[in-house]
Amino acid sequence: LDRSYFSTLFKSQTGKTPHAYLTSLRIKKACTLIEQQNFSVSQAAVSVGLDWRNFARLFKKETGMTPGQYREQGI
């Protein structure tokens, strides 16, 4: 498939671009890791394939709070 055609089909089925969908999955996995007390926020970021600066920004965009706030709330 052509890249733009695939993106169009993917977005019509999921409501997100492939990149946004992958980012969402990464942040959801990071949330699970952060909930585990034996994972630091930076370890969670690396585990899902994101560097710290991008991770914090993307996490806040996806969840509405910073990773530290998420951990403190114990969600």
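Is Phe 59 buried or exposed? In this predicted model, Phe 59 counts as buried, because its relative accessibility is 0%, and buried means under 20%. Phe 59 lies in helix 4. Its surroundings are described below, followed by a patch on the surface.

Phe 59 touches residues well beyond its sequence neighbours. With residues up to four places away in sequence left out, its contacts are Ile 27, Cys 31, Ile 34, Gly 64, Met 65, Thr 66, Pro 67 and Tyr 70. Two of these contacts, Ile 27 and Ile 34, also appear among the residues with the most contacts inside the largest nonpolar core. That core has 15 residues. Val 48, Leu 50, Phe 55, Phe 59 and Tyr 70 are also among its most connected members. Helix 2 (18–35), helix 3 (41–47) and helix 4 each supply at least two residues of this core. Helix 2 gives the most, with 5 residues.

Aromatic rings were examined next. A pair of aromatic rings is described by the distance of the centres and the angle of the planes. The count comes to 5 aromatic pairs. In one of them, Phe 55 and Phe 59 have ring centres 5.5 Å apart. Their planes stand at 50°, so the pair is tilted; the tilted class lies between 30 and 60 degrees. Both residues belong to helix 4 (residues 52–63). They are 4 residues apart, and therefore separated by about one helical turn. Phe 55 is buried too, because its relative accessible area is 0%.

Phe 59 also pairs with Tyr 70. This pair is edge-to-face, with 5.5 Å from centre to centre and 80° between the planes. Tyr 70 lies in helix 5 (residues 67–73), whereas Phe 59 lies in helix 4, so the pair ties together parts that are 11 residues apart in sequence. Tyr 70 is buried, with a relative accessible area of 8%. Trp 52, Phe 55, Phe 59 and Tyr 70 form one aromatic cluster. Phe 55, Phe 59 and Tyr 70 thus appear both in this cluster and among the core residues with the most contacts.

The surface carries nonpolar residues as well. Leu 1, Tyr 5, Phe 6 and Leu 9 form a nonpolar patch there. Together they have about 440 Å² of accessible area. Leu 9 lies in helix 1 (residues 3–14). Its relative accessible area is 36%, so Leu 9 is partly exposed. This value falls between the limits of 20% for buried and 50% for exposed.

Notes: Residues are numbered from 1 along each chain as its sequence is written. This is a predicted model: local features need pLDDT of at least 70, side-chain atom pairs count only at pLDDT 80 or more; totals for chains, interfaces and linings use all residues. Side-chain values use heavy atoms; hydrogens and water are left out. Patches are made of residues with over 30% relative accessible area and no salt bridge: like charges are joined within 9 Å, nonpolar side chains (Val, Leu, Ile, Met, Phe, Trp, Tyr) within 5 Å. Accessible areas come from the Shrake-Rupley method with a 1.4 Å probe; for residues, only the protein chains shown count as cover. A salt bridge is a side-chain nitrogen of Lys or Arg within 4 Å of a carboxyl oxygen of Asp or Glu. Buried means under 20% relative accessible area, exposed over 50%, partly exposed in between (1.4 Å probe, protein chains only). Rings of Phe, Tyr and Trp (its six-membered ring) pair if their centres lie within 6.5 Å; planes under 30 degrees apart count as stacked, over 60 as edge-to-face and the rest as tilted. A nonpolar core is a set of buried Ala, Val, Leu, Ile, Met, Phe, Trp, Tyr and Cys residues joined through side-chain atoms within 4.5 Å. Contact means heavy atoms within 4.5 Å.
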